[in-house]
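I opened the model today and kept notes in the order in which I looked things up.

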Amino acid sequence: MDLITLSVIILFIPLLGFVLTLFTGMNFKWAFLIENVLIVLGFILSVVLLYNKLSGYLDTDIVSEFNWINLGIIPFFGEIIIKLGIKLDNVAVIMNFTVFLISMVVHLFSIDYMKGDKRYSRYFAYLGLFTFSMTGIVVTNNVLMMYIFWELVGLSSYLLIGFWFEKKSASDAGKKAFIVNRIGDLGMFAGILILFVTYKTFSFQEIFNAVAAGQLPFNSEFWLTITGLLLFCGAIGKSAQFPLHVWLPDAMEGPTPVSALIHAATMVAAGVYFIVRIFPILSGDALLIIAIIGAISAFIPATIALTQNDIKRVLAYSTVSQLGYMIMALGIGAYVFAFFHLITHAFFKACLFLGSGSVIHSMHHEQDIQKMGGLRKKMPITYATFLLATLALSGIPLTSGFLSKDGILAGTLAYTSLTGNWFFTFIGFTVAMLTAFYMFRLVILTFHGEPKNKEKYDHAHESPFFMIMPLVLLSGLSIFIWYTPNPFNADSGWVLSKWVKAPTLSVPESARYPFMVEEQKQESIVKQEEEVTFSHEYTHAMHSAHVPTIFLSGFVAGLGILFAFLFYQWKKLDPNKLAAKVKPLYNLSYNKWYFDEFYNSVFVGGTLAFSNFLRWIDNTIIDGIVNGSATLTRGVSKVSGKFDNGVVDGLVNFTAYFSGFIGLLFRKFQTGKVQTYIVLVIFSLLILLFLFKSF
Amino acid sequence: MVTVSLYHYLFVSTILFSLGIFGIVTRKNAVMVLMGIELILNAANINFVAFARYGNFGFQGQLMALFVIVLAAAEAAIALAIVLNIYKVFSSVNVDEIDRLKE
């Protein structure tokens, strides 16, 4: 079996699971098992796919496509053939594997977590739909199919976030996620249309080739930047980047395993993955704006996460922050590390979310970390795995998170040394410290110290096997050994040295960052066997930035953890006093920078005000016109009614009366007596004779 | 001396015809009405015979007169039968009371 067939089978397995589970679930108690078995099968096949691709076709991309719609030759445009297809490169198969791994553990975790829910099997059906949509995004070779699956992801996220739709907040959150995503998707759609009008194809590779050949939208580099940014709008929505990040924390209303799925490997990863896919056509200006958006998205949610008390909300803001990290990394050219971070983050963030699910489960749906504490003794395995994932997220050496985060931070340093811009470096390291702080605040408040809610604490217990097993698996994947033999440098590991490589850029050299332009004359100086990313200049900068990054990032992460312990474990410092001291800042963070309020008043309020204005126009002007015309019609009808009654009816009645009168006259002759008739006949005869006698 | 001409015959037949009409129109009794009809038929007979005598028609007039006499006999038989039936239904032969046609 070739890999394309295998990939198609993998793609449709979750869909099959969705359909079967959905249609048997009503009557068949064990329907959820179908979905679970199929997803495990899908995972096994993805492992096979990953292994075959990486061992057999390491440096070749396997592409297969077919004509989906052939519109023939359209006047003034040219021939339109819309193709669908599959592209398997290393990035796709690794992502595919990640999606199925996370999806599988989420499925298994949900078996116990969702037990007793009245829509148990439907929940699994939705999970299947979600996995299908995400797999479609991962393996596609064209923007159109990407967009289709992109919207499917939006749909399934809506279904899952609003899964407990009896709760008003849950259904609102589902709607919010869907609508906010639509805003981003609008930009993406416009970008896709520009690409299609320019290149008459949706295929990534063909677009890259055309751009490399010098064909640009509207023949201008400016429009190439605009196109890139429009496409990036889609990623802003899906990956919850500033300013569209507001849906993600609310999406916590969904079941916790769903949060793990959405915020680790599927939905939010789709945005980053999309940027990874279209990276070759992003111009320098577009990348700079992407990096700025990413930096803002990394910083603001990190500050919000400092003060939140809902265990899932902290993780949600942490997710936005980490996604901002990845986007920023892509923007400054740290392509491989951005993708690497996407993968490692998927594992440990899923672990964190499932861990929080385990905690919430055992605390009987208590989510406030102020009321937890001391759970370490009750739930040792959850604690250990949660702590390991937290270490990874904080970027402590020997974890996967350290490797990828370190790479991104080295990227920012390299960027600084190449351009002299300190902004991204500053943001990067600050956010690293903040992340370490709020994650350890979360761990300490949840697992350490004294239990604050004695009653719930007494009932707390370690979760069952199917909930523990995914945690162990995922936290195991947060250790460095799976990615590289050297715990301090991922460059030498197999993931980065062999599997994932920065793509060849298609953007014209004049539109790139200066350091991404390869200068030919340096070729002779540099050793030939060295791997080069973008340009020798950039590669050198990355190398020289590496060692300082290790110490610096270790230092800031340690600092963050130290403060977390000072504040919450040893109580040397009082967080409440500090909060009181910087009241405005604390309020800003606690109220999430007032984004929701701002959007509510400006966009929702603005829309409402505008609608009210329109309603006023409707009520007064439009209704006035309508009512006026109605009154006018009624008046005219009255006159016409009078005319009908008087003149027309009068005429008709007169005719009738006249006929009656004539009838009365002639009635006299109709006596019914034959003799009268005879007299009349004879009279008539005589009159006729008299009249016609001359003939 | 006045010779009897066609006009005298026609005059007699006119009087007969008029008497017949008068009888039909004025009599209330159905039998009298029938007798009026007989008079009209006989007036016609006189006309036939007179025209046959003074015109150049051979015996056609006399034949027709005989035919009418036969017809009148048959007609009288049928009409009297009808009158009998009318009497059975209405218990009267007064034609003024028999005005079902009006309804």
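**Entry 1: the odd peptide bond.** The model is a predicted one, and I began with a proline. A:Pro243 sits in the loop that links α8 (221–238) and α9 (247–250) of chain A. I checked omega for the bond from A:Phe242 to A:Pro243 and found it near 0°, so the bond is noted as cis. For context, most peptide bonds are trans, and most residues other than glycine have a negative phi.

**Entry 2: positive phi.** Where in chain A is A:Lys200? I found A:Lys200 in the loop between α6 (168–199) and α7 (204–212) of chain A. Its phi is positive, about 55°, and A:Lys200 is not a glycine. I then looked at the surroundings of A:Lys200: 17 other C-beta atoms lie within 10 Å, so A:Lys200 is partly exposed.

I made a similar note for chain B. B:Ser91 has a positive phi near 55° and is likewise a residue other than glycine. B:Ser91 belongs to the segment after α3 (60–90) of chain B. Is B:Ser91 buried or exposed? I counted 9 C-beta neighbours inside 10 Å, so B:Ser91 goes down as exposed.

**Entry 3: confidence.** I read the scores next. The model has an ipTM of 0.72 and a pTM of 0.74. For chain A the average pLDDT is 84, and 97% of the residues score at least 70. One stretch of chain A, residues 521–529, has a pLDDT below 50. I looked for contacts of residues 521–529 beyond near neighbours in sequence, and the model has 2. Where pLDDT is low, the predicted coordinates should not be read in detail, and I left that stretch there. Chain B has a mean pLDDT of 87, with 96% of its residues at 70 or more.

**Entry 4: chain A overall.** I listed 26 helices and 2 strands in chain A. The globule rule gives 26 Å for 695 residues, and the radius of gyration of chain A is 37 Å, well over that value, so chain A is more spread out than a compact globule. Along the principal axes, the C-alpha atoms of chain A fill a box of roughly 145 × 70 × 55 Å. As for burial, 49% of the 695 residues of chain A count as buried. I also took the contacts in chain A between residues at least 6 apart in sequence; 79% of them join residues at least 24 apart.

**Entry 5: α1 and α2 of chain A.** At what angle do helix α1 (residues 3–24) and helix α2 (residues 31–56) of chain A pack? I noted about 170°, with the two axes 9 Å apart. An angle over 145 degrees counts as roughly antiparallel, and α1(A) and α2(A) are therefore put in that class. The contact of α1(A) with α2(A) has 17 nonpolar, 7 polar and 2 charged residues.

**Entry 6: α3 and α14 of chain A.** Helix α3 (residues 90–113) of chain A packs with helix α14 (residues 335–362) of chain A at about 5°, and their axes are 11 Å apart. That makes α3(A) roughly parallel to α14(A). From α3(A) the contact residues include A:Val91, A:Ile94, A:Ile102 and A:Phe109. On the side of α14(A) I noted A:Phe339, A:Ala346, A:Leu354 and A:His361 among them. By class, I have 11 nonpolar and 3 polar residues for this contact, and no charged ones.

**Entry 7: chain B overall.** Chain B has 3 helices and 0 strands, and its elements run α-α-α from the N terminus on. The radius of gyration of chain B is 17 Å, where a compact globule of 103 residues would be near 13 Å. Its C-alpha atoms fill a box of roughly 55 × 25 × 25 Å along the principal axes. Buried residues are 13% of the 103 in chain B. Of the contacts in chain B with a separation of 6 or more, 47% come from residues 24 or more positions apart.

**Entry 8: where the chains meet.** I ended with the interface. How many residues of chain A are in contact with chain B? I got 9 residues of chain A, against 8 residues of chain B. The chain A side of this interface has 4 nonpolar, 4 polar and 1 charged residues.

Key: Residues are numbered from 1 along each chain as its sequence is written. Chains are lettered from A and ligands numbered from 1 in the order in which they are written. This is a predicted model: local features need pLDDT of at least 70, side-chain atom pairs count only at pLDDT 80 or more; totals for chains, interfaces and linings use all residues. Two residues are in contact if their C-beta atoms, placed from the backbone, lie within 7 Å. Ala, Val, Leu, Ile, Met, Phe, Trp, Tyr, Cys and Pro count as nonpolar, Asp, Glu, Lys and Arg as charged, and the others, Gly among them, as polar. Axes are lines fitted to C-alpha atoms, for helices over the stretch in contact, and angles run from 0 to 180 degrees between N-to-C directions. Helices (H or I, at least four residues) and strands (E, at least two) are DSSP runs, numbered from the N terminus. Angles under 35 degrees count as roughly parallel, over 145 as roughly antiparallel, 65 to 115 as roughly perpendicular and the rest as oblique. pLDDT is the predictor's confidence in each residue, from 0 to 100. The radius of gyration is taken over C-alpha atoms; the globule rule is 2.2 Å times the number of residues to the power 0.38. A residue is buried if 20 or more other C-beta atoms lie within 10 Å of its own, exposed if 12 or fewer, and partly exposed in between; C-beta atoms are placed from the backbone.
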